[in-house]
Amino acid sequence: MDVYRPPSLEWLAPSPGAYDKNDKNDKNHYLETEMPTEATSNRAADRRVRAVQTATRLAAAPLAATILTATFFTLAWRPAVAQDWPTHAITMVTPLAAGSAADVAIRAVTDKLAERLGQAIVVDNPTGASGTIGADRVARSPADGYTLCGCNNTILGVLPNLRKVPYDPVKSFRPIGMVAVLPTLLLVNPALPIHNTQELLAYVKAHPGQLKYSSGGVGSPQDIAMTMFESGAGVQMQHIPYKGASQAAVGLAAGEVDTMFCAIGTVLPLVKSGKLRAIAVAGAQRTPLMPDLPTVAESGVPGYDYASWIGIVAPKGVSDTVVGKVSTALQALLHDPATLKRFADQGIDPMYMGPADMGRYMAQDYERMAKVIKDSHMAAQ
């Protein structure tokens, strides 16, 4: 490779050491013996200054050209990288128990999302610390679009109000799109003489401090729903936390506890088989899957309304290109007949929101959960 070298400037300075006084060609002889006039000295000085300036420009020109070329290719390359996304597999971290309603909802959309984006999406379920470990992993991941998170309101709205978590629900993530609302049922073990909300309340009051309810952990959707129920109805039960909603539901079916709130998608097989009895719907409206089942509010706890939601977020700083591609594909999927049928079969209600609307919804839900936790004096166990 040819390397540019500027011309030597040695001729501008006297040579060091001895010289021949009789040699008229020796430059040092000239400097010593031929004393120039003032005009001659000025012209010589001007020539030397111009020579230095010219040499400096010549030396700097290749460097400036290199910098401009590098800058051009850097700016030209960066948009191309964003536009080409995705070029390899994406990881969808879902810090919720495999088989739970939230997990089912995320898997239902990721299957189709992968087809639309042209790359595989791998679902990972790190469930430690009620989901905070998985959420923190996403928050710390590079904002390149290759690590996304399927998070529910517990991870983004409840736990940050309940205890110190290693991420900020607002500053650590960028909303991409809401996926679904998970209708929730109030359930009891079928061995109990309880068939509706009023009978449950009467039974709790007749057996103070004896009834136990299960949940997927402190601050889980099941725990929050029951805490709101206790506060609204003026009753209190023992909390038995399990490692996930599915295990909590199995514990209820086995008679280890007496009651619980749980998403339909998680408990539907147990309800259909008669191993659990559904006595009310937690939301403000009845569910099409069980149209004859009344809401908790209709059954004696006025104003009660609880539903868990799940959406997709990315690490803060992810590009607009990534957000736009995933959000657009998600919106199309949630109008796809095959996806809607899969949701309906699992008792999941689709609820698309774009990035901006989801961000506002998250902020409102965060404030709502803060009030619930404060009013109920809930503390981490």
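Reader: Which strands does helix 4 lie across, and at about how many degrees does helix 4 run to strand 1?

Author: This is a predicted model: local features need pLDDT (the predictor's confidence in each residue, from 0 to 100) of at least 70, side-chain atom pairs count only at pLDDT 80 or more, and totals for chains, interfaces and linings use all residues. Residues are numbered from 1 along each chain as its sequence is written, and side-chain values use heavy atoms, leaving out hydrogens and water. Helices (H or I, at least four residues) and strands (E, at least two) are DSSP runs, numbered from the N terminus. Helix 4 lies across strand 1, strand 2, strand 3, strand 4 and strand 10, and its angle to strand 1 is about 145 degrees.

Reader: At about how many degrees does helix 5 run to strand 3?

Author: Axes are lines fitted to C-alpha atoms, for helices over the stretch in contact (heavy atoms within 4.5 Å), and angles run from 0 to 180 degrees between N-to-C directions. Helix 5 covers residues 153–162 and lies across strand 3, strand 4 and strand 10. Its angle to strand 3 is about 65 degrees.

Reader: What is the order of the six strands in the open sheet?

Author: Two strands pair if DSSP finds at least two bridges between them. The pairing in this sheet is mixed. The twist averages 25 degrees from one strand to the next. The order is 2-1-3-10-4-11.

Reader: Which strands stand at the edges of that sheet?

Author: An edge strand here has a single partner strand, so one of its sides has no neighbour in the sheet. That holds for strand 2 and for residues 349–353, which make up strand 11. The edges are strand 2 and strand 11.

Reader: Do strand 1 and strand 2 pair in the parallel or antiparallel sense, and what is the bridge partner of isoleucine 90 in strand 2?

Author: Four bridges join strand 1 and strand 2 in the parallel sense. In strand 2, isoleucine 90 is bridged to isoleucine 121.

Reader: Which side chains of strand 2 are buried?

Author: In a regular strand the side chains alternate between the two faces of the sheet. Buried means under 20% relative accessible area, exposed over 50%, and partly exposed in between (1.4 Å probe, protein chains only). In strand 2, Val122 and Asp124 point to one face and are not buried. On the other face, the buried side chains are Ile121 and Val123.

Reader: How many bridges join strand 3 to strand 10, and what is the bridge partner of asparagine 152?

Author: Strand 3 (residues 147–152) and strand 10 (residues 308–315) run antiparallel. They are joined by four bridges. Asparagine 152 has its partner in strand 10: isoleucine 310.

Reader: Where is the cis peptide bond, and what is omega?

Author: The bond joins tryptophan 85 and proline 86. Proline 86 sits in the loop between helix 2 (38–84) and strand 1 (90–93). Omega is about -5 degrees.

Reader: What is phi of serine 130?

Author: Serine 130 lies in the loop between strand 2 (121–124) and helix 4 (132–139). It counts as partly exposed because its relative accessibility is 29%. Its phi is positive, in a residue other than glycine, and is near 60 degrees.

Reader: Is threonine 287 buried or exposed?

Author: Threonine 287 is in the loop between strand 9 (277–281) and strand 10. Leaving aside neighbours within four places in sequence, it contacts Ile264 and Val281. Its relative accessibility is 5%, so it counts as buried.

Reader: Why is the pair of phenylalanine 229 and phenylalanine 261 classed as it is?

Author: Rings of Phe, Tyr and Trp (its six-membered ring) pair if their centres lie within 6.5 Å; planes under 30 degrees apart count as stacked, over 60 as edge-to-face and the rest as tilted. Phenylalanine 229 is in helix 7 and phenylalanine 261 in strand 8, 32 residues apart. Both are buried. Their ring centres are 5.7 Å apart and their planes stand at 65 degrees, so the pair is edge-to-face.

Reader: Which residues do ring pairs link into a cluster?

Author: The count of aromatic pairs comes to six. Among them is the edge-to-face pair of tyrosine 167 and phenylalanine 173, 5.6 Å centre to centre with 65 degrees between the planes. The cluster is Phe229, Phe261 and Tyr304.

Reader: What pLDDT does the protein average?

Author: pLDDT stays under 50 over residues 1–41, and is below 50 over residues 63–80, a stretch with zero contacts beyond near neighbours in sequence. Where pLDDT is low, the predicted coordinates should not be read in detail. Still, 78% of the residues score at least 70. The average is 83.
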